[in-house]
Amino acid sequence: MSTAFATMEKHQTPLDLPAVSCRNITKDFGTGEARVQALRGVTLQVRPGEVTLLVGPSGCGKTTLISIIAGLLDPSAGEIQILGQDLRALDGRALVRFRGEQVGFVFQQYNLLPALNAAENAAVPLLIAGRPRAEAVAEATRMLTTLGMGERAAALPVELSGGQQQRVAIARALIHQPRLLVCDEPTAALDAQAGQAVMQLLRRVALQPDRAVIVVTHDSRVFEFGDRIIYMSDGRVERVEDKAA
Amino acid sequence: MNWIALKMLTGDRAKYFGLVFGVTFAALLMSQQLSIFVGIMKRTGSQILDVRDADIWVMDNKVRYIDEVPGMPDTELQRVRGVPGVQWAERLYKGQARVRLPSGDFRTVILFGVDDATLVGAPQEIIAGQVGDLRQPDAVIIDKAGYEYLWPEDVPSLKAEGYQLGKVFEMNDHRCILVGVCKASAPFQTMPVMYTAYSQTTWYVPRERDTMSFVLAKPEPGLDPHQVCRNIEERTGRMALTRDQFFWKTIGYFLSSTGIPVNFGITIFLGFFVGVAIAGQTFYLFTVENLRQFGSLKAMGLSNARIVGMILLQALVVGLIGYALGVGLTAIYFFATNQRTQLAGLNMIWEVMAGTGAAVLLIVVLASLVSIRKVLILEPAVVFRG
């Protein structure tokens with residue numbers, strides 16, 4: 001474990017500190033005439049205990065920003081701290097471990113492993129962390145039960161509806177108790193009713209005082225579930241709507 | 001994670017079976033063709049290995065392989081006997097003759113003429129009759145396969161009635177009597193192998209000035225056969241080789257002077273190439289289709305090293321199953337055909353199994369390298385791209 005990573009342990013960040021702090025983040029792709037500036041100086045904060053929606057039209061930089069926040073992409077410039085940790089100070093191995101322990105992911109296309117059943121899919125983060133299979137699957141089954149999917153724990157992804165698959169994905173994202181949950185268009189592949197159910201579930205199960213939830217979406221029907229809504233446009237933060245304020 | 005790797009591998013049945021089929025096909029083709037190649041090469045020198053009572057073969061120094069041997073004067077036998085380190089030496093004729101049966105059928109045979117007194121060079125395993133019967137007038141012993149070639153009508157009743165000795169036939173218009181049947185390694189060409197007394201070979205083969213093909217010799221106990229060979233060459237000017245040297249010299253001739261290795265080599269290479277192509281392509285498709293899943297695993301904290309481990313495990317499992325099936329099918333093939341006379345001597349040796357195993361390992365490693373590269377350069381951020 002690197003020295004930088006050793007300073008960051010779960011549940012050590014005070015709750016009044018932002019879970020995510022970005023300052024003047026820029027991200028360029030390509031060089032020369034092919035250079036595209038996806039982010040043009042993004043500054044924002046995400047607080048724990050809140051659902052933050054990141055919204056904006058396609059191509060506005062939402063996906064790039066969420067990738068940087070999740071530690072999947074390096075910014076070209078700027079400062080970023082996640083859960084009090086400067087991601088740029090982490091080496092590759094420490095960053096992978098940081099993601100594995102502190103970040104949960106919910107993807108638009110669920111990205112469940114087709115050969116694993118629901119419980120096994122939900123157990124994947126625990127297996128990555130080295131937990132014994134039986135123990136991990138048992139815990140995942142309990143998590144699925146909490147999410148109302150206990151009876152479908154043995155079903156393969158192909159046997160589940162879109163909403164059910166997304167619930168399995170949420171179970172997978174939460175099973176290892178991450179402090180940052182990153183959701184990329186979690187309702188995009190669902191009908192309105194299933195989308196509402198997923199967002200309700202996220203608020204009910206995922207939201208905890210020490211956990212920040214970031215949801216990238218351009219589905220205006222789910223805006224009601226956000227505590228803060230960050231509007232992005234053309235690689236910049238256009239405005240922030242804080243419902244608590 | 002190994003468990004997940006195996007679940008991913010077997011989850012897509014079509015690709016899984018495609019992968020296993022590709023490796024099985026390659027392993028089958030390589031092991032079967034390599035075994036036949038090795039068997040055929042061994043056949044070229046099989047008569048050399050069958051002579052187990054002599055360690056040294058002395059011959060004309062221009063001999064390239066066992067099937068093309070000019071005669072030497074009988075005086076060479078005495079000269080070899082006089083070389084220090086030679087315990088004993090005996091003459092041997094080896095050539096071809098034509099057998100004519102009472103029915104009018106004829107067949108070219110490989111004929112060995114062994115020393116009348118000592119019978120050095122005579123077959124070691126007699127399955128009907130006795131080797132000493134070679135000393136009887138006109139006596140010949142034939143190998144099991146040769147018996148079946150010459151008298152196929154006896155084959156159905158062999159188990160019940162055994163070999164019918166006493167059959168009379170002709171070689172070079174001279175009378176022969178079958179006094180025994182022996183086991184002999186299959187020759188390169190599927191000809192019957194016959195043994196007779198040296199003194200009778202002059203009747204059975206067209207007359208030449210010199211009849212003696214080889215002098216078979218035994219070194220004194222404790223002496224290095226190679227050193228004795230050098231002594232013989234120095235004293236007689238003839239080529240003297242140990243049994244193994246002559247065996248490999250014969251094989252070397254067939255390897256360098258015939259198209260056999262090229263033809264088999266092409267087939268074996270094709271087996272390898274097809275294995276790499278099928279396994280590589282299927283494995284690559286398998287990886288590409290699971291790229292998003294691999295990206296998710298990377299995003300969720302799975303390191304590159306563990307992903308490489310997963311892919312290699314998948315490749316090794318496919319390789320192991322494909323190898324077992326391919327080599328197993330080859331074994332079944334040889335098991336099913338080992339009673340066929342014309343396929344005698346063809347079997348799978350452990351060296352072929354090991355070589356096939358190494359080739360299969362190379363196939364699956366090559367096949368997985370492309371996939372490993374694809375996954376290693378995969379940015380986990382790909383999971384956020386719809």
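The radius of gyration used here is taken over C-alpha atoms, and the value for a compact globule is 2.2 Å times the number of residues to the power 0.38. For the 386 residues of chain B that rule gives a value near 21 Å, whereas chain B itself has 29 Å. The model is a predicted one.

**Chain B as a whole**

Along its principal axes, chain B has C-alpha atoms that fill a box of roughly 95 × 55 × 35 Å. The chain contains 13 helices and 10 strands. Of its 386 residues, 42% are buried. Among contacts in chain B with a separation of 6 or more, 82% are between residues 24 or more positions apart.

Chain B is divided into two parts: domain 1, made of 2-44 + 259-384, and domain 2, made of 73-237. The centres of the two domains, taken over C-alpha atoms, are separated by 47 Å. Seven residues from domain 1 of chain B and seven residues from domain 2 of chain B form the contact between them. On the domain 1 side, the residues that touch domain 2 comprise two nonpolar, four polar and one charged.

**The contact between chains A and B**

Chain A puts 26 residues into its contact with chain B, and chain B puts in 20 residues. On the side of chain A, the elements that give two or more residues are α2 (62-69), α3 (92-102) and α5 (124-128). Of these, α3(A) gives the most, with five residues. Sorted by class, the side of chain A that touches chain B has 14 nonpolar, six polar and six charged residues.

**A long-range helix check: α10(B)**

Helix α10 of chain B covers residues 260-289. Its 30 residues should span 44 Å at 1.5 Å a residue, and because the end C-alpha atoms are 43 Å apart, the two values agree. Buried residues of α10(B) include B:Ile268, B:Gly271, B:Phe272, B:Gly275, B:Val276, B:Ala279, B:Phe283 and B:Phe286. An α-helix has 3.6 residues a turn, so residues three or four places apart point the same way. The buried residues of α10(B) pack against four helices of chain B: α2 (13-44), α11 (291-299), α12 (304-337) and α13 (350-376).

**Strand β6(B) and its partners**

Strand β6 of chain B, residues 168-171, has B:Phe169 and B:Met171 on its covered face, while B:Val168 and B:Glu170 are on the uncovered one. The strand pairs with β2(B) and with β7(B), as the table shows.

| Partner of β6(B) | Residues of partner | Sense | Bridges |
|---|---|---|---|
| β2(B) | 86-100 | antiparallel | two |
| β7(B) | 174-183 | antiparallel | four |

Single residues can be followed across these pairings. B:Glu170 in β6(B) is the bridge partner of B:Arg100. B:Met171 stands opposite B:His174 in β7(B). The hairpin of β6(B) and β7(B) has two residues between the strands, and B:Asn172 in this hairpin takes a positive phi near 55 degrees.

**An exposed proline**

B:Pro221 lies in the loop between β9 (214-219) and α8 (225-236) of chain B. Is B:Pro221 buried or exposed? A residue is exposed if 12 or fewer other C-beta atoms lie within 10 Å of its own. B:Pro221 has 6 C-beta neighbours inside 10 Å and therefore counts as exposed. B:Pro221 and B:Gln87 are 134 residues apart in sequence, yet their C-alpha atoms are 7.8 Å apart in space.

How values were computed: Residues are numbered from 1 along each chain as its sequence is written. Chains are lettered from A and ligands numbered from 1 in the order in which they are written. This is a predicted model: local features need pLDDT of at least 70, side-chain atom pairs count only at pLDDT 80 or more; totals for chains, interfaces and linings use all residues. A residue is buried if 20 or more other C-beta atoms lie within 10 Å of its own, exposed if 12 or fewer, and partly exposed in between; C-beta atoms are placed from the backbone. Two strands pair if DSSP finds at least two bridges between them. Two residues are in contact if their C-beta atoms, placed from the backbone, lie within 7 Å. Ala, Val, Leu, Ile, Met, Phe, Trp, Tyr, Cys and Pro count as nonpolar, Asp, Glu, Lys and Arg as charged, and the others, Gly among them, as polar. Domain bounds come from an automatic or database domain assignment. The expected span of a helix is 1.5 Å times one less than its number of residues.
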